[in-house]
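Me: Please take a close look at one part of this model. I would like a helix and the strands it packs against, described in one connected account.

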Amino acid sequence: MVGTNLKAETMGLMEKRSALEAEMNAVIERLTQPGGPGISGNLLDSEGFPRHDIDIPTVRAERRRLAELRNDHKEITEKLNENIQVLHSARLAPKSSSLRDSDDQSASVVNVVASASSTNVHSDSTNAMDVDVIVRVPFALVDEIADASPAGEDGLQLGDQIVKFGNVEIGDNLLQRLASEAQTNQGHGIPVILVRQGAQVNLTVTPRTWQGRGLLGCHFRIL
């Protein structure tokens, strides 16, 4: 039997994580607005003096806050996934008549958390998908898209925040890994998970030759 406290804690963590994601998205949007400094852009001009077109103290405060939010998000996500594993194990355990109602409640919590993590969770999702509830932090921003490019035709938009691009997620050497993923999958659809205006969106982008440069025709700015 899974304790009621664990279920309540899991739902509470989900709410906290959603609040963190909303605040992170708001900070990222402010930093990456047209003319903005970006997540890690230079705060000095070409001559080495502080830029006069931005509020440097505010930008530094926003960046510090974003770093704090990302750390908090990581900790909550790790704890949330531990709880989900316990709830999921209880769901799969043999049910006696006296425990059936409690275990059904555990399954309900797992499904609620899973459905809240994605806008594209289908009703016939497998148990594995019930456990795969990590909402990952965006690692790149689409800041350029050429007209009639593969990226644009397949649905990418300016300002989209990339959470997962095929097998590429947050980590090191992201630009090289993104380029390699596109080249390896030329002519084949790449599943993309992104955040657009605070909502998760799933797309399939197919790298291919076209009249412009590259296989996608867009530019990613690493966050």
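Reply: What follows is an account of helix α6 and the strands beside it. The model is predicted.

Helix α6 spans residues 174–184, and its buried residues are L174, L178, E181 and A182. Viewed along the axis of α6, these buried residues fall within an arc of 95 degrees, so they line one face of the helix. The spacing fits a general rule: an α-helix has 3.6 residues a turn, so residues three or four places apart point the same way. Q176, Q183 and T184 lie on the other side of α6 and are exposed, meaning a relative accessible area over 50%.

The buried residues of α6 pack against three strands: β2 (161–165), β3 (190–196) and β5 (218–222). Of these, β2 can be followed further. Four of the five residues of β2 are buried, so this strand is largely enclosed by the rest of the structure. Buried here stands for a relative accessible area under 20%.

Strand β2 also pairs with other strands. With β1 (residues 140–145), β2 pairs in the antiparallel sense over two bridges; I162 in β2 is the bridge partner of A140. With β3, the pairing of β2 is again antiparallel, over four bridges, and F165 has V192 in β3 as its bridge partner. Strands β2 and β3 are thus joined by antiparallel bridges, and both are packed against by the buried residues of α6.

Definitions and conventions:
Residues numbered from 1 in each chain as written. Predicted model: local features only at pLDDT ≥ 70, side-chain atom pairs only at ≥ 80, totals over all residues. Heavy atoms only, no water. Buried < 20%, exposed > 50% of the residue type's maximum accessible area, 1.4 Å probe, protein only. Arc of directions from axis to C-beta. Contact = heavy atoms within 4.5 Å. Pairing = 2+ DSSP bridges.
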